[in-house]
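Hi everyone, thanks for coming. Could you pull up the structure on your screens, so we can walk through a few of its features together?

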Amino acid sequence: MSSISSVSTPTTTPALALLVGDTPVTWIGEPFAPAGQGFWAKLEGANPGGLKDRPALHIVERARDRGELAPGAMIVESTSGTFGLGLALAGIVHGHPVTVVTDPGMEAIVQRLLASYGARVDTVERPHPVGGWQQARLDRVAKLLDLHPGAYCPRQYDNPDNVAAYAGLARELIHQLGRIDVLVCSVGTGGHSAGVAKALRGHNPQLRLVGVDATGSTIFGQPARPRLMRGLGSSIHPRNVAHDAFDEVHWVAPHEAVWASRTLAATHYTTGGWSVGAVTVVASWLARTCPPGCRIAAVFPDGPARYYTTVYDDTYCAEHDLLGRPPAEEPDEIKHPAEAEATRWTRMVMR
């Protein structure tokens, strides 16, 4: 009989990093597409904190390797939630105190989890008059870096290590699915869309990249507006967004994402928040309209837990008129972002 004592036991903190990656894929079919049609969803919610566990660990490790992050030094970063959870994990793994700067829109469950993981949460009180909450958070990060010499900021919006972190996700998709013809990604910092597409195009140069943005986001040239949805969209212009890599972009409204997320839950026992819903709206349309045999992969960044007071809260959704409003069968079409402001699902072909 084998003895458990004969198995080599890793130390606790490095072993935590092994929980990240090798996430499953699942098939999303009816009612989003007719029988026999659909798309594959990469379930990044299977990571401890979601999709951004990958870049948080990678960025911190590279910064330590280069000497930019000294042992035990503080990490300070702006986040709406998921990247903060990843940094809390990286802080535990590598022994760094973490301060995350956020705004009042961060869900209470995320704030409490971050505190439980030992991170300090610094909440800004008012948005920047031009750059909104994101710019206000970045301004606070700059002040904290001045107050704490030696502190390190991962700069998730601009750091190329954010993009490089997703090569592993691409390798997993190739192993799981083989050929991929279309990749559908939500766009916020731009990291995973750029990183996964770059690696997949090394395997299939003809891959089409479809970006999913939020209405009210300025990433692809629309005017910046207040946004309900968190985790995708931006009121600033992240340098990691690889604009030239996209074949088309879609803007999705909150009520459309809510319908998709709730319908996913009811029909597939697979779901998530704003980004997952928005991506599903677009990926399912592609599944209905692409040629037979086209293989579509979509990245689902997280699971549903943090959205129990928004996407899955009937009172919240009723207050914001988000219930019972499924997306149209087809998106509106524009040829240039200045042609019209997207207030519902809208598509723009880039090339």
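Let's begin with what lies over helix 9. Its buried residues are covered by, among others, strand 1 (25-28), strand 8 (248-252), helix 10 (274-289), strand 9 (296-300) and helix 11 (314-319). Please keep in mind that this is a predicted model.

So which residues of helix 9 are buried? They are Pro254, His255, Glu256, Ala257, Val258, Ala260, Ser261, Thr263, Leu264 and His268. The helix itself takes in residues 254-268, 15 residues in total. From first C-alpha to last, helix 9 reaches 21 Å, close to the 21 Å expected at 1.5 Å a residue. Just after helix 9 comes Tyr269, and its phi is positive, near 50°.

Now for helix packing. In general, you describe two packed helices with the angle between their axes and the distance between the axes.

At what angle do helix 9 and helix 10 pack? The angle is about 90°, and the axes lie 7 Å apart. Since angles of 65 to 115 degrees count as roughly perpendicular, that is the label for helix 9 and helix 10. On the helix 9 side, the contact uses Pro254, Glu256, Ala257, Val258, Ala260, Ser261 and Leu264. Helix 10 brings Trp274, Val276, Gly277, Ala278, Thr280 and Val281. Sorted by class, this contact of helix 9 with helix 10 has nine nonpolar, three polar and one charged residues.

Next, please scroll to helix 7 (residues 167-177) and helix 8 (residues 191-201). Their axes come within 8 Å and cross at roughly 50°, and helix 7 and helix 8 are therefore oblique to each other. The crossing of helix 7 past helix 8 is right-handed. Helix 7 offers Ala167, Leu169, Ala170, Leu173 and Ile174, which meet Val196, Ala199 and Leu200 in helix 8. By class, that contact has eight nonpolar residues, with no polar and no charged ones.

Last stop: Pro24. You'll find Pro24 in the loop between helix 1 (12-17) and strand 1. Is Pro24 buried or exposed? Somewhere in between: its relative accessibility is 38%, so Pro24 counts as partly exposed. Setting aside neighbours within four places in sequence, Pro24 is in contact with Ala41, Lys42, Leu43, Ala46 and Gln176. Pro24 and Arg171 are 147 residues apart in sequence, with 13 Å between their C-alpha atoms.

That's my tour. Thanks for listening, and I'm happy to go back to any of these spots!

Notes:
Residues numbered from 1 in each chain as written. Predicted model: local features only at pLDDT ≥ 70, side-chain atom pairs only at ≥ 80, totals over all residues. Heavy atoms only, no water. Axes fitted to C-alpha atoms, helices over the stretch in contact; angles between N-to-C directions. Helix = DSSP H or I, 4+ residues; strand = E, 2+ residues; numbered from the N terminus. Parallel < 35°, antiparallel > 145°, perpendicular 65-115°, else oblique. Left-handed = near helix turned anticlockwise from the far one by under 90°. Contact = heavy atoms within 4.5 Å. Nonpolar A, V, L, I, M, F, W, Y, C, P; charged D, E, K, R; others polar. Expected span 1.5 Å × (residues − 1). Buried < 20%, exposed > 50% of the residue type's maximum accessible area, 1.4 Å probe, protein only.
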